[in-house]
Amino acid sequence: MNKNLGGTLKSSPLLNKYSFNIKGYNPLLISGVNNSFLKLLKEHIGKKIILRGNNIILFTDDTKDKEKLEKFLEIIENKIKKNKYIDEADIIMAMAKSNILKNTDIKIIVTPKRKVYPKTKGQSLYIEAIEKNDIVIGIGPAGTGKTFLAVAMAVKYLMEKKVERIFLTRPAVEAGESLGFLPGTYEEKINPYLAPLYDALFQLLHFDKVKKLMENRIIEIVPLAYMRGRTLSNAFIILDEAQNTTYLQMKMFLTRLGVNSKVVITGDVSQIDLPPGVDSGLVSAEKILKNVEGVKFVYFTKDDVVRHPLVKKLIEAYEKYEQGRNS
């Protein structure tokens, strides 16, 4: 550990106990809210770790664990000295660099406003699929991060100049005659359907940056109907809520793909809002595209839910009810 940053190491090999004294910063920064950071360390290093005052204490019979934790703390100290704070992604990055992380292939998505990383195996596979394929279709329940991770990857690709534009789109199931009763222009009527895409974008980019990019049409958030007739090259294109596309809408959208572009499609086949008798474009795509090279399907489960813990229980309850109703 870098002693210039206030860290010292005391060890008691006989007790398999290693105490790391923190002097250069508030040790609660290492602990995290509700000990969330400390829990991550325990989970991945697989040993007992406690925070007692200004000391982080590791109990282990393997000196390699001590070396890994020492390296981790050195990285964190340098990070805090530079930025005065750390977040969960900083913890994950430090764990990866110090070989504590079990999944060494974890991808950190760095955006101007925050760092994002996959929290489940399904999310890791999703990010890997996006990197390796031109078209990725993510299917699974709400709360699994399908849309947010796709938008994070789009922002990353734009910042790294791998693409020149971002297109975010959604079908508006109600965008027929019922919208005519709402006040305002078509754009004003359709904005509530697009709000989740704005929400994701504003978590990753500062407001002024989003505004400027949208004014220059580098980022476009539009209803699916506006995609007709366009060829989208050098772009990262996301179709959200794809279960509510029709067969023809999905075909239209997929054929917008231009050179050097990447498409991510997200949806939940358990939440189809189309009128009875209308086939879902997402369900059709599963059947039609499953063997097409360059198209990758990633399936999320309730184990990938990263919203409130209750969401997973809600999904399980509904699945149980629907299975009983259909049996």
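In this predicted model, M250 is in contact with L239, A242, T245, I265, G281, L282 and A285, once its neighbours within four places in sequence are left aside. M250 belongs to helix α9, which covers residues 247-254, and its relative accessible area is 3%. Because residues with a relative accessible area under 20% are counted as buried, M250, at 3%, is a buried residue. One of the listed contacts, G281, lies 31 residues away from M250 along the sequence, yet the C-alpha atoms of M250 and G281 are 5.1 Å apart in space.

Two patches on the surface can also be described. The nonpolar one is made by Y247, L248 and I288, and has an area of about 330 Å². Of these residues, I288 is found in helix α10, which spans residues 281-289, while the range of helix α9, residues 247-254, takes in Y247 and L248.

The other patch is positive, and it is formed by K39, K42, K48 and R52. Two elements, α2 (36-45) and β3 (48-52), each supply at least two residues of this positive patch. K48 is found in strand β3, and its relative accessibility is 52%. Since a residue is called exposed when its relative accessible area is over 50%, K48, at 52%, counts as exposed, whereas M250 in helix α9 is buried.

Methods: Residues are numbered from 1 along each chain as its sequence is written. This is a predicted model: local features need pLDDT of at least 70, side-chain atom pairs count only at pLDDT 80 or more; totals for chains, interfaces and linings use all residues. Side-chain values use heavy atoms; hydrogens and water are left out. Patches are made of residues with over 30% relative accessible area and no salt bridge: like charges are joined within 9 Å, nonpolar side chains (Val, Leu, Ile, Met, Phe, Trp, Tyr) within 5 Å. Accessible areas come from the Shrake-Rupley method with a 1.4 Å probe; for residues, only the protein chains shown count as cover. A salt bridge is a side-chain nitrogen of Lys or Arg within 4 Å of a carboxyl oxygen of Asp or Glu. Lys and Arg count as positive and Asp and Glu as negative; His and the chain ends are not counted. The place of a charge is taken as NZ of Lys, CZ of Arg, CG of Asp or CD of Glu. Helices (H or I, at least four residues) and strands (E, at least two) are DSSP runs, numbered from the N terminus. Buried means under 20% relative accessible area, exposed over 50%, partly exposed in between (1.4 Å probe, protein chains only). Contact means heavy atoms within 4.5 Å.
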